[in-house]
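Please open the model in your viewer, with the cartoon representation switched on, and follow the stops below in order.

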Amino acid sequence: MTTVADPVGFHLRAAGRIVKLTKTFQSEVTIRYQGRAANAKSIMGLASLAAEFGAEVEIECAGPDEQEAVDRLILLIGTELAHPEEGA
């Protein structure tokens, strides 16, 4: 579980950053919010979760690099989304 740090929640830009990171991992990644689930490699799926600032989301990973994926996603969703992407 981690808390959404982006002040506007899971909008398209935040979802895009999550997808960009998630696609660097071999593992299958699912993010759950309020009983709904989305493939973390799908920008529209993530945006459709509509997780708001401060919402608790659950990250599930399965694959060879699952622990690294979970750790990086917790950092991105819980901290880095609150700041603009470097080079953007």
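Helices (H or I, at least four residues) and strands (E, at least two) are here DSSP runs, numbered from the N terminus. With the whole chain selected and coloured from the N terminus on, the elements run β-α-β-β-α-β-α, which amounts to three helices and four strands. The radius of gyration (taken over C-alpha atoms) is 11 Å, close to the 12 Å that the globule rule (2.2 Å times the number of residues to the power 0.38) gives for 88 residues, so the chain is as compact as a globular protein of that length. Its C-alpha atoms fill a box of roughly 35 × 30 × 20 Å along the principal axes.

This is a predicted model, in which local features need pLDDT of at least 70 and side-chain atom pairs count only at pLDDT 80 or more, while totals for chains, interfaces and linings use all residues. Residues are numbered from 1 along each chain as its sequence is written, and side-chain values use heavy atoms, with hydrogens and water left out.

Next, select the four strands, which form an open sheet in the order β1-β4-β2-β3 with antiparallel pairing, where two strands pair if DSSP finds at least two bridges between them. The edge strands are β1 (2-3) and β3 (36-39), each of which pairs on one side only.

Zoom in on β2 (residues 28-33) and β3, which pair in the antiparallel sense over four bridges; R32 stands opposite A37 in β3. These two strands form a hairpin with two residues between them, and Q34 in the turn has a positive phi of about 50 degrees.

Now add helix α3 (residues 66-78), which lies across β1, β2 and β4 (56-62) and runs at about 160 degrees to β4. Axes are lines fitted to C-alpha atoms, for helices over the stretch in contact (heavy atoms within 4.5 Å), and angles run from 0 to 180 degrees between N-to-C directions.

Finally, select helix α1 (residues 12-22) together with α3: their axes come within 11 Å and cross at roughly 165 degrees. That makes α1 roughly antiparallel to α3 (angles over 145 degrees count as such). Showing side chains, you will find R17, I18, L21 and T22 in α1 meeting R72, L73, L76 and I77 in α3.

Key. Parallel < 35°, antiparallel > 145°, perpendicular 65-115°, else oblique.
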